[in-house]
Amino acid sequence: MNVGDRVRLMSGREEGIITRILDNNIVEVAIDNDFTIPVARREIVVIAAEESTFLRNDTPKPVAKKEAPAPVLAAHGIYLAMVHQSDELLAATIINNTDYDVLFTSGEERNEKYRGLHNDKVAPKATRVIGHYHLKDFEQWPVLIIQFLQHRTGGPSLFEPVMKRLQFKAASFYKSKKMAPLLKKEGYVYQLDSKPVPVDAGQIQGQLTEKLSQNESFKLKAPEHEVDLHIEKLTEDARGMSNSAMLKLQLEHFQDALDRAMASNMHEIIFIHGSGSGVLRKEIQKILSRTSGIKYFEDARKEKFGYGATLVRLR
């Protein structure tokens with residue numbers, strides 16, 4: 001039995017949807033998509049999806065004409081969609097509209113206390129229901145916390161773990177109604193991963209050419225194959241700089257070198273960031289993971305750099 005399964009109580013004819021797994025023996029069931037009750041697993045049976053098609057003779061109810069649905073969201077991405085099971089009950093659904101596996105955990109936070117709900121894997125182009133919520137209790141909905149990591153065996157990209165805190169507020173909630181990817185149903189949709197940052201090498205080249213026209217002394221120069229981002233290599237006196245100011249300067253040099261590498265059609269470049277606390281490495285790889293024009297990136301040769309450098313292959 002899983003969250004989202006439709007079940008029938010063995011002691012009567014009531015039907016409902018499993019909204020939570022309370023423990024190994026007890027589940028929470030929403031009866032007629034309205035009120036929820038705890039039920040022992042042995043007291044319910046799962047209703048096969050085919051039953052409504054082959055065993056029922058219910059006369060179909062007329063369907064009210066609806067307005068044209070909103071446009072489908074971006075072709076790729078990871079989303080949370082709150083999708084109506086009935087007028088009152090919403091299913092919180094993770095949508096993996098990517099070519100990677102998504103390993104995730106989900107939980108709720110109430111009054112600064114966290115309660116874990118699920119951990120699982122969502123296959124590429126698949127969905128997973130993680131819970132159900134009643135609209136009548138909207139003001140009491142908890143903060144929903146989702147952590148996930150994208151992975152693909154043999155994949156060319158390295159992704160950083162992501163954590164999203166979703167605190168639902170009426171003003172923004174009802175504005176988020178869209179057509180949910182993969183489900184092809186309307187829902188209240190939130191994108192969990194960062195939207196890719198498009199990088200156009202031609203546009204970069206154009207910007208640099210414009211600088212050249214404004215300043216005849218300016219020339220596009222490809223960066224060195226190895227770019228050292230240690231702060232002492234970038235400024236003569238870093239003693240009076242805060243950590244945030246040093247990081248800002250390092251990221252500016254990184255972005256400049258990356259732009260020039262792409263504009264000059266380099267095939268690869270190595271950024272030496274050191275091991276240290278890992279903050280600079282994470283920021284660099286976060287930018288690379290959402291920048292188009294990157295074939296893949298990985299730790300540079302460990303025998304030379306240890307874990308202190310990142311090799312970037314450019315398209």
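Let's start with a pair of strands: β13 and β14 (residues 185-191) pair in the antiparallel sense over four bridges. If you want a spot to look for in this predicted model, find K177, which sits across from Y188 in β14.

Now zoom out a little. These two strands belong to an open sheet of five, ordered β10-β7-β6-β14-β13, with antiparallel pairing. At its edges you'll find β10 (126-134) and β13 (177-180); each has a single partner strand, so one side of each is left without a neighbour in the sheet. Going from one strand to the next, the twist averages 40°.

There is also an open sheet of four strands, and its order is β9-β8-β11-β12, again with antiparallel pairing. Here the edge places go to β9 (113-122) and β12 (162-166), each with a single partner strand, so one side of each has no neighbour in the sheet. Neighbouring strands in this four-stranded sheet are turned by 20° against each other on average, ignoring direction. Inside that order, look at β8 (residues 101-110) and β11 (residues 143-151): they run antiparallel and are joined by nine bridges. A handy marker for this pairing is G107, which stands opposite I145 in β11.

Finally, on to a helix. α5 covers residues 243-263, 21 residues in total, and reaches 30 Å from its first C-alpha to its last, close to the 30 Å expected at 1.5 Å a residue. Which residues of α5 are buried? They are M246, L249, Q250, L251, F254, A257, L258, A261, M262 and A263. Keep following the chain and, just after α5, you'll meet N265, which takes a positive phi of about 60°.

Technical notes:
Residues numbered from 1 in each chain as written. Predicted model: local features only at pLDDT ≥ 70, side-chain atom pairs only at ≥ 80, totals over all residues. Heavy atoms only, no water. Expected span 1.5 Å × (residues − 1). Buried < 20%, exposed > 50% of the residue type's maximum accessible area, 1.4 Å probe, protein only. Pairing = 2+ DSSP bridges. Axes fitted to C-alpha atoms, helices over the stretch in contact; angles between N-to-C directions.
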